[in-house]
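Student: I have not seen this structure before. Please take me through it one point at a time.

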Amino acid sequence: MNRGRLVLFEGLDRTGKTTQSNILLERLKPNATLIKFPERSTEIGAVIDRYLKDKTFELPDQAVHLLFSANRWEMAERIKQLLLQGTHVVLDRYVYSGVAYSAAKHTDRMDRTWCLQPDRGLPRPDLTIFLTSDDAENELRAGFGEERYEKSEFQQEVKRQFVEVFKALEDSSHEEKLVHVVNVTGKSVEEVAKVVWDLVEPVVTLPTDSTYSELLY
Ligand code: 2DT
Ligand code: MG
(Lines give C-alpha, C1' and ligand atoms only; values in the text may rest on other atoms or scores of the structure.)
(Ligands and ions follow the chains in the order given, each with its own letter.)
Protein backbone atom coordinates (compact mmCIF):
# COMPACT_ATOMS: atom_id res chain seq x y z
CA MET A 1 0.00 0.00 0.00
CA ASN A 2 1.11 3.56 -0.69
CA ARG A 3 1.97 5.23 2.58
CA GLY A 4 0.45 8.56 3.58
CA ARG A 5 2.44 11.79 3.32
CA LEU A 6 3.34 14.07 6.18
CA VAL A 7 2.60 17.69 5.23
CA LEU A 8 3.61 20.42 7.66
CA PHE A 9 2.47 24.05 7.95
CA GLU A 10 4.78 26.29 9.97
CA GLY A 11 4.67 30.01 10.59
CA LEU A 12 4.04 32.81 13.01
CA ASP A 13 0.82 33.15 14.94
CA ARG A 14 -2.17 34.07 12.83
CA THR A 15 -0.62 33.81 9.39
CA GLY A 16 -3.41 31.45 8.36
CA LYS A 17 -1.84 28.09 9.23
CA THR A 18 -5.00 26.73 10.81
CA THR A 19 -7.22 27.97 7.97
CA GLN A 20 -4.91 26.49 5.34
CA SER A 21 -4.50 23.21 7.25
CA ASN A 22 -8.27 22.81 7.31
CA ILE A 23 -8.67 23.62 3.63
CA LEU A 24 -5.95 21.11 2.74
CA LEU A 25 -7.52 18.50 5.02
CA GLU A 26 -10.83 18.87 3.17
CA ARG A 27 -9.07 18.45 -0.18
CA LEU A 28 -7.26 15.30 0.90
CA LYS A 29 -10.23 13.70 2.66
CA PRO A 30 -11.31 11.00 3.36
CA ASN A 31 -7.73 9.85 3.30
CA ALA A 32 -6.30 12.44 5.72
CA THR A 33 -6.06 13.54 9.34
CA LEU A 34 -5.10 16.87 10.89
CA ILE A 35 -2.89 17.08 13.95
CA LYS A 36 -2.18 20.41 15.59
CA PHE A 37 0.79 21.08 17.88
CA PRO A 38 0.75 21.72 20.73
CA GLU A 39 -1.83 18.89 21.07
CA ARG A 40 -3.47 20.27 24.18
CA SER A 41 -5.68 17.25 24.99
CA THR A 42 -2.87 14.98 26.25
CA GLU A 43 -1.33 14.87 29.75
CA ILE A 44 1.65 16.97 28.71
CA GLY A 45 -0.54 19.10 26.45
CA ALA A 46 -2.60 20.16 29.46
CA VAL A 47 0.51 21.58 31.16
CA ILE A 48 1.48 23.38 27.95
CA ASP A 49 -2.03 24.81 27.64
CA ARG A 50 -1.83 26.17 31.17
CA TYR A 51 1.64 27.63 30.54
CA LEU A 52 0.42 29.43 27.41
CA LYS A 53 -2.76 30.82 28.97
CA ASP A 54 -1.56 31.65 32.48
CA LYS A 55 1.26 34.18 32.31
CA THR A 56 1.84 33.80 36.07
CA PHE A 57 2.66 30.08 35.65
CA GLU A 58 6.45 30.05 35.43
CA LEU A 59 8.63 27.18 34.21
CA PRO A 60 12.28 27.21 33.15
CA ASP A 61 12.67 27.77 29.39
CA GLN A 62 14.49 24.45 29.03
CA ALA A 63 11.65 22.57 30.72
CA VAL A 64 9.07 24.25 28.48
CA HIS A 65 11.07 23.34 25.41
CA LEU A 66 11.25 19.70 26.47
CA LEU A 67 7.51 19.64 27.21
CA PHE A 68 6.69 20.80 23.67
CA SER A 69 9.00 18.10 22.30
CA ALA A 70 7.56 15.47 24.65
CA ASN A 71 4.11 16.44 23.39
CA ARG A 72 5.24 15.52 19.85
CA TRP A 73 6.61 12.21 21.13
CA GLU A 74 3.22 11.55 22.76
CA MET A 75 1.73 11.67 19.26
CA ALA A 76 4.60 10.09 17.29
CA GLU A 77 3.31 6.50 17.28
CA ARG A 78 -0.10 7.62 16.08
CA ILE A 79 1.45 9.66 13.26
CA LYS A 80 3.57 6.67 12.18
CA GLN A 81 0.59 4.33 12.23
CA LEU A 82 -1.52 6.72 10.17
CA LEU A 83 1.22 7.13 7.55
CA LEU A 84 1.78 3.37 7.31
CA GLN A 85 -1.93 2.68 6.89
CA GLY A 86 -2.00 5.10 3.95
CA THR A 87 -3.51 8.16 5.63
CA HIS A 88 -2.03 11.60 4.91
CA VAL A 89 -1.25 13.60 8.04
CA VAL A 90 -1.48 17.40 7.91
CA LEU A 91 0.44 19.08 10.73
CA ASP A 92 -0.34 22.54 12.06
CA ARG A 93 3.09 23.36 13.62
CA TYR A 94 5.80 20.83 14.55
CA VAL A 95 9.52 20.77 15.32
CA TYR A 96 10.43 24.08 13.63
CA SER A 97 7.99 26.00 15.83
CA GLY A 98 9.64 24.24 18.73
CA VAL A 99 13.07 25.51 17.74
CA ALA A 100 12.06 29.01 16.60
CA TYR A 101 9.98 29.96 19.66
CA SER A 102 12.50 28.54 22.13
CA ALA A 103 15.60 29.97 20.43
CA ALA A 104 13.86 33.38 20.27
CA LYS A 105 14.06 33.52 24.06
CA HIS A 106 17.87 33.68 23.96
CA THR A 107 18.28 31.63 27.08
CA ASP A 108 21.94 30.92 27.94
CA ARG A 109 23.25 27.77 26.23
CA MET A 110 19.81 26.95 24.84
CA ASP A 111 20.80 27.57 21.24
CA ARG A 112 19.27 26.14 18.08
CA THR A 113 21.48 23.04 18.17
CA TRP A 114 20.38 22.30 21.73
CA CYS A 115 16.76 22.90 20.79
CA LEU A 116 16.79 20.47 17.86
CA GLN A 117 18.08 17.47 19.77
CA PRO A 118 14.97 16.21 21.61
CA ASP A 119 13.07 15.99 18.31
CA ARG A 120 15.68 13.80 16.66
CA GLY A 121 13.99 10.61 15.46
CA LEU A 122 10.47 11.97 15.03
CA PRO A 123 8.79 11.26 11.66
CA ARG A 124 10.17 13.58 9.01
CA PRO A 125 7.76 15.74 6.99
CA ASP A 126 7.56 15.01 3.26
CA LEU A 127 6.76 18.68 2.67
CA THR A 128 7.15 21.76 4.87
CA ILE A 129 5.33 24.99 4.00
CA PHE A 130 6.30 28.13 5.89
CA LEU A 131 3.58 30.78 5.86
CA THR A 132 4.98 34.24 6.38
CA SER A 133 3.88 37.86 5.98
CA ASP A 134 5.75 41.11 5.37
CA ASP A 135 4.31 43.18 8.14
CA ALA A 136 2.38 43.22 11.36
CA GLU A 137 -0.95 42.53 9.68
CA ASN A 138 -1.22 39.24 11.57
CA GLU A 139 -1.49 41.15 14.85
CA LEU A 140 -4.72 42.76 13.77
CA ARG A 141 -6.53 39.45 13.66
CA ALA A 142 -9.02 38.69 16.40
CA GLY A 143 -7.72 37.36 19.68
CA PHE A 144 -4.07 38.32 19.22
CA GLY A 145 -2.30 39.09 22.48
CA GLU A 146 -4.28 36.74 24.69
CA GLU A 147 -1.63 34.05 25.02
CA ARG A 148 2.03 34.06 25.97
CA TYR A 149 4.32 34.79 22.96
CA GLU A 150 1.68 36.96 21.26
CA LYS A 151 3.70 40.18 21.38
CA SER A 152 4.98 41.90 18.28
CA GLU A 153 8.68 42.19 19.27
CA PHE A 154 8.78 38.53 20.23
CA GLN A 155 7.01 37.53 16.99
CA GLN A 156 9.64 39.41 14.97
CA GLU A 157 12.39 37.50 16.73
CA VAL A 158 10.57 34.18 16.16
CA LYS A 159 10.31 35.06 12.47
CA ARG A 160 14.07 35.68 12.35
CA GLN A 161 14.69 32.35 14.08
CA PHE A 162 12.47 30.45 11.65
CA VAL A 163 14.43 31.91 8.73
CA GLU A 164 17.75 31.02 10.36
CA VAL A 165 16.72 27.50 11.31
CA PHE A 166 15.59 26.72 7.78
CA LYS A 167 18.74 28.27 6.31
CA ALA A 168 21.09 26.42 8.67
CA LEU A 169 19.36 23.07 8.08
CA GLU A 170 19.23 23.57 4.33
CA ASP A 171 22.93 24.47 4.21
CA SER A 172 23.89 21.40 6.21
CA SER A 173 21.93 18.86 4.19
CA HIS A 174 22.19 17.72 0.61
CA GLU A 175 18.58 16.75 0.45
CA GLU A 176 15.89 18.27 -1.71
CA LYS A 177 14.41 21.60 -0.67
CA LEU A 178 13.63 21.56 3.05
CA VAL A 179 11.00 24.28 3.15
CA HIS A 180 8.74 26.17 0.76
CA VAL A 181 8.15 29.76 1.84
CA VAL A 182 4.72 31.19 1.02
CA ASN A 183 4.28 34.91 1.65
CA VAL A 184 0.60 35.54 2.38
CA THR A 185 0.80 39.35 2.28
CA GLY A 186 -1.91 40.72 0.01
CA LYS A 187 -3.22 37.24 -0.89
CA SER A 188 -6.73 36.00 -0.22
CA VAL A 189 -7.34 32.70 1.57
CA GLU A 190 -8.21 31.13 -1.81
CA GLU A 191 -5.05 32.44 -3.45
CA VAL A 192 -2.88 31.01 -0.67
CA ALA A 193 -4.80 27.71 -0.88
CA LYS A 194 -4.01 27.52 -4.58
CA VAL A 195 -0.27 28.07 -4.00
CA VAL A 196 -0.39 25.43 -1.25
CA TRP A 197 -2.18 22.90 -3.45
CA ASP A 198 0.37 23.39 -6.25
CA LEU A 199 3.04 22.35 -3.72
CA VAL A 200 1.09 19.48 -2.16
CA GLU A 201 -0.36 17.85 -5.28
CA PRO A 202 2.93 16.48 -6.67
CA VAL A 203 3.93 15.22 -3.21
CA VAL A 204 0.73 13.23 -2.74
CA THR A 205 0.66 12.02 -6.35
CA LEU A 206 4.19 10.81 -6.96
CA PRO A 207 5.16 7.35 -5.71
CA THR A 208 7.26 7.30 -2.54
CA ASP A 209 9.19 4.93 -0.27
CA SER A 210 7.01 2.47 1.57
CA THR A 211 7.98 3.89 4.95
CA TYR A 212 8.46 7.37 6.42
CA SER A 213 11.88 8.79 7.24
CA GLU A 214 13.01 10.19 10.56
CA LEU A 215 14.39 13.59 11.47
CA LEU A 216 18.17 13.36 11.75
CA TYR A 217 19.93 16.62 12.42
P1 2DT B 1 -0.86 27.78 18.66
O2 2DT B 1 -1.16 29.27 18.79
O3 2DT B 1 -0.59 27.38 17.25
O4 2DT B 1 -1.85 26.92 19.39
O5 2DT B 1 0.52 27.57 19.42
N6 2DT B 1 4.96 26.66 20.32
C7 2DT B 1 4.40 25.66 19.58
C8 2DT B 1 6.21 26.52 20.92
O9 2DT B 1 6.70 27.43 21.58
N10 2DT B 1 6.88 25.34 20.76
C11 2DT B 1 6.37 24.31 20.02
O12 2DT B 1 7.02 23.26 19.91
C13 2DT B 1 5.08 24.48 19.41
C14 2DT B 1 4.49 23.36 18.60
C15 2DT B 1 3.79 28.64 19.31
C16 2DT B 1 0.68 28.02 20.73
C17 2DT B 1 2.04 28.61 20.92
O18 2DT B 1 3.00 27.57 21.18
C19 2DT B 1 4.21 27.89 20.54
C20 2DT B 1 2.59 29.41 19.76
MG1 MG C 1 -1.41 31.07 18.79
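Student: How do α3 and α4 lie to each other, roughly parallel or roughly antiparallel?

Tutor: The axes of helix α3 (residues 61-84) and α4 come within 10 Å and cross at roughly 175°; axes are lines fitted to C-alpha atoms, for helices over the stretch in contact, and angles run from 0 to 180 degrees between N-to-C directions. Helices (H or I, at least four residues) and strands (E, at least two) are DSSP runs, numbered from the N terminus. Angles under 35 degrees count as roughly parallel, over 145 as roughly antiparallel, 65 to 115 as roughly perpendicular and the rest as oblique. α3 and α4 are therefore roughly antiparallel.

Student: Which residues of α4 make this contact with α3?

Tutor: Two residues are in contact if their C-beta atoms, placed from the backbone, lie within 7 Å. On the α3 side the contact has Asp 61, His 65, Phe 68, Ser 69 and Arg 72; from α4 come Val 95, Gly 98 and Ser 102.

Student: How far can the model be trusted, and what is its pTM?

Tutor: This is a predicted model, in which local features need pLDDT (the predictor's confidence in each residue, from 0 to 100) of at least 70, side-chain atom pairs count only at pLDDT 80 or more, and totals for chains, interfaces and linings use all residues. Residues are numbered from 1 along each chain as its sequence is written, while chains are lettered from A and ligands numbered from 1 in the order in which they are written. The protein chain averages a pLDDT of 94, and 96% of the residues score at least 70. The ipTM is 0.98 and the pTM is 0.95.

Student: α4 also packs on α6, so in which hand does α4 pass α6?

Tutor: α4 (residues 95-103) and α6 (residues 152-172) have axes 8 Å apart, at an angle of about 130°. That makes α4 oblique to α6. A crossing is left-handed if the near helix is turned anticlockwise from the far one by less than a right angle, and right-handed if clockwise. The crossing of α4 and α6 is right-handed.

Student: How many charged residues does the contact of α4 with α6 have?

Tutor: Tyr 96, Val 99, Ala 100, Tyr 101 and Ala 103 of α4 meet Val 158, Gln 161, Phe 162 and Val 165 of α6. Ala, Val, Leu, Ile, Met, Phe, Trp, Tyr, Cys and Pro count as nonpolar, Asp, Glu, Lys and Arg as charged, and the others, Gly among them, as polar. The contact has eight nonpolar residues, one polar and, as for charged, no residues.

Student: Which element gives the most residues to the shell around ligand 1?

Tutor: A residue is near a molecule or strand if its C-beta atom, placed from the backbone, lies within 6 Å of it. The residues around ligand 1 are Asp 13, Phe 37, Pro 38, Leu 52, Phe 68, Arg 93, Ser 97, Gly 98, Tyr 101 and Tyr 149. Six of them are nonpolar, two polar and two charged. With three residues, the most is given by α4.

Student: Pro 38 is in that shell; what is the omega of the bond from Phe 37 to Pro 38?

Tutor: Pro 38 lies in the loop between β2 and α2. Most residues other than glycine have a negative phi, and most peptide bonds are trans. The bond from Phe 37 to Pro 38 is cis, with omega near -5°.
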